[in-house]
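Colleague: Got a minute to go through this model with me? I'd like to start with the strands.

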Amino acid sequence: MDFTFSDDQLAFREAVSRFLMTEAAPEMLREIWETDVGRSPDLRHRIAEQGLMALSVPESCGGLGMDDVAWSLMTQELGYYAIPDSLADTAYVAAGLIAALPDSVPAREDWLRRITDGSIRIAVGHPVNPLVADAHPADVLLLAHGDEVHAVPRSLADVVANPSIDRSRRLGRVVWEPNTATRVAAGEAGRALWAATLERGVLSVSGQLLGLAQRMLDLSVDYTAQRKQFGKPIGSFQAVKHHLADVATRIEFAKPVLYRAAHAVARGDADAAVRVSHAKLACGEAAWLAGRHGIQVHGAMGYTWEVDLQMFMKRAWALDASWGDRGFHKARVAGFVLGDAAALGPGRTFGE
Amino acid sequence: MDLAYTPKQRAFRAEVRAWLADNVPRTPLASYDTREGFEQHREWERRLFDARLSMVMWPEALGGRGCDLIEWLIFEEEYYASGAPLRVNQNGQLLLGPTLMEFGTEAQKQRFLPRMAASEDMWAQGWSEPNAGSDMAAITSKAIREGDHYVLNGQKTWSTRAIYADWLFGLFRSDPASSRHHGLSFLLVPLDSPGVTIRPIRALNGKDAFAEIFFDDVRVPVENRVGDEGKGWHVAMATAGFERGLLLRSPGRFQHTARRLVALYQAHRESADRDPTIRDAVCESWMGAEAYALSAYHTVGRLAKGARIGDEASTNKIVWSELDLKMHETAMRILGARGELVAEAPEAEDGASWLEGFLFAQAGPIYAGTNEIQRNIIAERMLGLPKS
């Protein structure tokens, strides 16, 4: 029993953090916000150069073959720097789906190799999300038709943009016609792929929400330690301290829930769905509170366009309801906890 | 990350589970806040000790088993899942015990720890004073050195179950010219010493659950001092974070309560569902208890790898105390009009155990450092915000 990360995993996270700190500064995020496509090919290229697109790709296709547990650290960094790119959709969620396709799908290996070298963008249209993120700049869209999985070239789909309050999010309504040429899985196999993709998608945004929460907390600590009123930093006042202590506590107790969920998905545990929904709720609530208390301790500055807090706050608001809103995840937890077969109580935390 | 228990850990769990199944009293003991219940709980502690299960983490020479922290978590899970009695000597065993292991002399360890493990000595705390509550450095009770003794004068208060206890550990001002956290010494005081007067304080539950203690020229041998003279604050604080954070309230206790709450909800589902927020609160209780357990395993794993527990331990106390409160509030809402019935009421549900837990849960955010103090610690030491 060892519920911790290896030194290698932690060093990897540290390296990702250092890379993104320089490559994804808030000023650059603002520049990308103002572009039409909302994506920077240059940033994606540098991310691929670092090998970050290759994490989920099997080693046989030139990737690193990392699992969901490693991604639970990686997605926190993506959230912390609010990467304006659907990096995780392609490199984690879509890569996981494609890697699980049978070898009989001719393009499978080509897609995986192109994910690794950063030359393909893949959008995932899971039925739980009404709109598809990054459909517009995608090369390939993975779309659902009943249980079927279709890999649709961008040229065969129409995308109607639906702008979000989070300018890093580029959402689209996808209009397309299924046909046998685009179908890559169907029936039981398709159902299983969409089910596994759901858990990965939820884990991905959960980690990002936690990273966003941490960033908003750090910004708020920096601001309240500097800003003076009544002749003192406002961060010395208890009312302000307690707001931020509550955020720190919420983050601290969401982390292990995320890690447990990631491990459950990686191992294919029977209770993975419940663990994942618990993680989404815990991380979403941490991010939501970090935003609310963050803007409060920033005072009027928090309501401005100028202060960076808004970028992280809006992203948190948007991601909180993506990949299943709270009602969806609460229903999954309730179905387990209040169900007849639930193994509850001490000693069941690791599925014994 | 390897989330499977080892064969040794599984065997230990099986052994503990079997022993508890054979030994946990069939009928609940009387409240340990009464004389009768206190002695029943002491008796239970002796049985645990005889099975070497009272302090599983302590070395074998001191009556324990030398278990690591994972095994301790396993023990706690089984302990609370079995419905075994609350631990009556916990303040001594979990707060003073580790302090003695770190700062005590060899003679002190030999003298006090085995008897503590066996609950032959029952320990009460002596921290708070009438004017030193959250501001503990305002302590004024004195311990003036006279040869090989200290002479104690002053008053301590809020000392849990002190009227039934044998010994007290606490902080006294040994340097009368000192102020704040300087010049304090950590002393062990027999409560039958001449000059000690203990007056019970009736608690919310109507029982003498805590007490105030008056010291009137009480002579305590110098050998009863833990750590250096004048360094008592350091001794008291050094182990405070971890003990308050994790040891004092292990996750099994709250997971057990969460499971009972789910069962209570299911038994009263029809009436409970008239308030649609109850169902949500029940599920959140389960999630909260699981999160606390996961956090404990994560922390314990990091400690095993050589990490030192940091100021984030203060987040634990907030989480478990607020979770406990929320679970008991939810139970009271489910019970509705019968929630107020005390144990003697013929129509009380489950011996009024939810009501008793609800009353005790009110104290959680207050004792062991109020949650406001914990939030200050988090803000100042974990987040680095300036002191007020």
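Colleague: What order do the strands take in the open sheet of three strands in chain A?

Modeller: Quick caveat: this is a predicted model, where local features need pLDDT of at least 70, side-chain atom pairs count only at pLDDT 80 or more, and totals for chains, interfaces and linings use all residues. Residues are numbered from 1 along each chain as its sequence is written, with chains lettered from A and ligands numbered from 1 in the order in which they are written. Strands here are DSSP runs (E, at least two residues; helices are H or I, at least four), numbered from the N terminus, and two strands pair if DSSP finds at least two bridges between them. β2 (132-133) and β5 (158-163) of chain A each pair on one side only, as edge strands, and with antiparallel pairing the order is β2-β6-β5.

Colleague: Which residue in β6(A) stands opposite Val160(A)?

Modeller: β5(A) and β6 (170-175) of chain A pair in the antiparallel sense, over six bridges. Opposite Val160(A), in β6(A), stands Arg173(A).

Colleague: And in the open sheet of four strands in chain A, which are the edge strands?

Modeller: That sheet has mixed pairing and the order β1-β3-β4-β7. Pairing on one side only marks the edge strands, β1 (122-125) and β7 (183-185) of chain A.

Colleague: What is the bridge partner of Val149(A) in β7(A)?

Modeller: β4 (148-153) of chain A runs antiparallel to β7(A), joined by two bridges. For Val149(A), the partner in β7(A) is Ala185(A).

Colleague: What angle does helix α7 of chain A make with β4(A)?

Modeller: Helix α7 (187-226) packs on that sheet, touching β1, β3, β4 and β7 of chain A. Touching means contact, with C-beta atoms, placed from the backbone, within 7 Å. Axes are lines fitted to C-alpha atoms, for helices over the stretch in contact, and angles run from 0 to 180 degrees between N-to-C directions. Relative to β4(A), the direction of α7(A) makes about 70 degrees.

Colleague: Are α11(A) and α10(B) roughly parallel or roughly perpendicular?

Modeller: The axes of α11 (326-337) of chain A and α10 (276-304) of chain B come within 10 Å and cross at roughly 80 degrees. Angles under 35 degrees count as roughly parallel, over 145 as roughly antiparallel, 65 to 115 as roughly perpendicular and the rest as oblique. So α11(A) and α10(B) are roughly perpendicular.

Colleague: Which residues of α10(B) does α11(A) meet?

Modeller: From α11(A) come Lys330(A), Val333(A), Ala334(A) and Val337(A). In α10(B) they meet Arg279(B), Asp280(B), Cys283(B), Trp286(B) and Met287(B).

Conventions:
Two residues are in contact if their C-beta atoms, placed from the backbone, lie within 7 Å.
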